[in-house]
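Trainee: Got a minute? I'd like to go through how the chains in this one sit together.

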Number of protein chains: 4
Amino acid sequence: MAVVLITGFEPFGGESVNPSGQVAQALDGHVIGGARVAGRVLPCAFDDAIGALDAALDELQPSLVLALGQAAGRCEVSFERVAVNLVDARIPDNRGDQPVDEPVLPGAPAALFTSLPVKAMARALREHGIPAGLSLSAGSFVCNALFFALMHRLATRRGVRGGFVHLPLLPEQAARQPGAACLPLQLMVEGVRVATETALAVHADLAVPGGTLA
Amino acid sequence: MAVVLITGFEPFGGESVNPSGQVAQALDGHVIGGARVAGRVLPCAFDDAIGALDAALDELQPSLVLALGQAAGRCEVSFERVAVNLVDARIPDNRGDQPVDEPVLPGAPAALFTSLPVKAMARALREHGIPAGLSLSAGSFVCNALFFALMHRLATRRGVRGGFVHLPLLPEQAARQPGAACLPLQLMVEGVRVATETALAVHADLAVPGGTLA
Amino acid sequence: MAVVLITGFEPFGGESVNPSGQVAQALDGHVIGGARVAGRVLPCAFDDAIGALDAALDELQPSLVLALGQAAGRCEVSFERVAVNLVDARIPDNRGDQPVDEPVLPGAPAALFTSLPVKAMARALREHGIPAGLSLSAGSFVCNALFFALMHRLATRRGVRGGFVHLPLLPEQAARQPGAACLPLQLMVEGVRVATETALAVHADLAVPGGTLA
Amino acid sequence: MAVVLITGFEPFGGESVNPSGQVAQALDGHVIGGARVAGRVLPCAFDDAIGALDAALDELQPSLVLALGQAAGRCEVSFERVAVNLVDARIPDNRGDQPVDEPVLPGAPAALFTSLPVKAMARALREHGIPAGLSLSAGSFVCNALFFALMHRLATRRGVRGGFVHLPLLPEQAARQPGAACLPLQLMVEGVRVATETALAVHADLAVPGGTLA
């Protein structure tokens, strides 16, 4: 049976939970679209996260990878389109490292695009009543670094597709941050399930406008 | 057994659902803090809403009233502090009326304050992991008008307390409005349950700062 | 010659400037619409501000009063519609006082409306290319308290009209607050000049919708 | 005398003005940091803009290029860090073309980084009291396409540096768009002057954190 790897992160930045790690754990072992999900929670540290990703790719040999991360300030499930080969950490990661203006992977391209049908995935979520959209920047912290490393690894694994999905805060996190939007865990689990199903079923993305002016 | 009246509204403004009406219906018949909830869905029209409120007050003789309404653009359960005797409708109501710069009730005071312990209620929700806060304006549409009429009616009903609570959109509504925050129905039902329980138990509000600079 | 009193505030909250005080000073001595402007900078403290307002009203006997204040987070010149008889200070004022849930003036009404033609004023600014709008809450700090005291005093001064205008930050303030909007001093001075001219010329406000849904 | 090319755009999207074109025109002929500014206004159309850029590069042989564009919704002068080889037009350009999910330049890299010292430039503006910051996405419309084409051309012009700067709306534009932030033309002209001066003087950027978490 084909394997879908879904990764999330451990909590960081003073939080005690992280929706991305919880969604990965919730879907671990599920069967979606005929494939078995392996959910993994990665350390929120630059080097450790990429090392853990590499180990999971080798162990699981997935045919599809969805990496998830937390994005405080967003109100919807957000499908990232492009990973940038840039690290510029606004806060230290969970190991205390705070690299500034370094490449994720020296010598690699400046950016790598998702290989997921992100427009079809976002539309599928919205049709299921789940707020969703596209994003042109995954930031410059651990999320973007893992996304970049993922797309770099997949470039040499024929037929394996992957990408990155940012999730809003959980309600219990937003309850401590006035003005912050959130989505409940159950809806994000369902959103990632629908996204996975869509990614498995759709290979050519929708040819509809989805960009931003600036 | 004491009765708590919880009102919500029918859908308006082109929507097919309204979280406030759904929460009122979901709690109808529940027992909270030793009181029985009567949930009612009001028409979203200036005169009809106030008429339906008056009928419910007469029929049910509640000891506590929580009026609920929908507030697109907010991300938390929002406890209103003050109702203003002003109608200025940006869109027509569900009967097609669009009054501009008229009083809700001619001859009544310029404003009426909530009689609920809103700081204790907001804190209780946050302690339950539900995003919540205070608001100094309920707008100038049907929500504010109903809130004003409610506080006007309660001014002559000894010992009956009440107030207004604005709720964010439901996820299925936000899925069609890019950039809009939402909360799931179940969390808002739980939030209004906690709010009701707190209102029944607390009579002197918390003496903590909760205002805004501007 | 008729006198227009325009008040602003001294800096507060750790800032070294306050656009409202600067605009009041910039217009001091100008003649607008046949009236002479007296610009005054008030202390940003609850009791002192109201005392200084009373002294200025007695000394100048103005026929029109525009009170100005700073509103970080707003992007337009904002005409307040209603002052609330509530003080709930999120931070201490410049004298160190931080009242919570007290009336501005004990025994006074719950709220008082502006007596300015705010819709005509906002439209006039926009026609001059200056971002402007209406607001239903002036907060619960010193700005709202002064606004309330002003409308309370004017209620017993026949024919004297007045109201409150919130101004965005200055660019030099926004340069230290990422994400904050601003307007340049010169545009705000021009905006308050146009607002004054309109208030002097227009006595019945425009009958156009200008409210908010929530 | 060395030449600095500063480009802006003509109005688009139903606007009658564009701050970027106005700033480019305002600085045309000025001398900044010992270099002469050539200001050019480009068509807001994918092919025509790149053609006009190429013509200006050939004609002027600049040693520094600042391309400017309009970004409704931003409140500060925004220095772009990375151009993406992706066009996804949400609206038609001024020639009526609306490409979706095409490369800016087929066969070129997925992204190209600015070669300007953007952290030093943003800090210099803030020290001059002008709101400024960094951005990790220039969108997927004509601004990003021109930015990408610029960095592609400069890759083969030794010693020529360049980048892209997004500007907020002008006040007269924001006056017609409730909720939109703006900066006055004069402040944006001064901001681009300071940015140019800094770019000419600084070759190694500041090693300070400037990234975003997501």
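**Chain D and its partners**

Mentor: Start with symmetry: a rotation of 180° with 0.0 Å of shift along its axis puts chain D on chain A, RMSD 0.0 Å (a least-squares fit on C-alpha atoms of residues with pLDDT of at least 70 in both). The two copies are thus related as by a two-fold rotation axis.

Trainee: Which C-alpha of chain D is nearest the axis?

Mentor: That of D:Ala111, 2.6 Å from the axis.

Trainee: And what should I know about the model itself?

Mentor: The model is predicted, so local features need pLDDT of at least 70 and side-chain atom pairs count only at pLDDT 80 or more, while totals for chains, interfaces and linings use all residues; side-chain values use heavy atoms, without hydrogens and water. Residues are numbered from 1 along each chain as its sequence is written, with chains lettered from A and ligands numbered from 1 in the order in which they are written.

Trainee: How many residues of chain D are in contact with chain A?

Mentor: 37 residues of chain D, with 37 residues of chain A. Contact means heavy atoms within 4.5 Å.

Trainee: How much area is buried there?

Mentor: About 2700 Å², with 66% from carbon and sulfur atoms. Buried area is the accessible area (1.4 Å probe) that two parts lose on being put together, summed over both. D:Phe113, D:Leu213 and D:Ala214 supply 24% of what chain D buries against chain A, more than any other three residues.

Trainee: How many salt bridges cross between chain D and chain A?

Mentor: Eight. The rule wants a side-chain nitrogen of Lys or Arg within 4 Å of a carboxyl oxygen of Asp or Glu. One pairs D:Asp101 with A:Lys119, at 2.9 Å from N to O.

Trainee: New topic. How many residues does the contact take from chain D and chain C?

Mentor: It takes 19 residues from chain D and 19 residues from chain C. Those two chains bury about 1100 Å² between them, 72% of it on carbon and sulfur atoms.

Trainee: Which residues of chain D lose the most area to chain C?

Mentor: D:Cys75, D:Pro131 and D:Ala175, together 34% of what that side buries.

Trainee: How many salt bridges does the rule find across the interface of chain D and chain C?

Mentor: Zero.

Trainee: What classes of residue does the side of chain D that touches chain C have?

Mentor: 13 nonpolar, three polar and three charged. Ala, Val, Leu, Ile, Met, Phe, Trp, Tyr, Cys and Pro count as nonpolar, Asp, Glu, Lys and Arg as charged, and the others, Gly among them, as polar.
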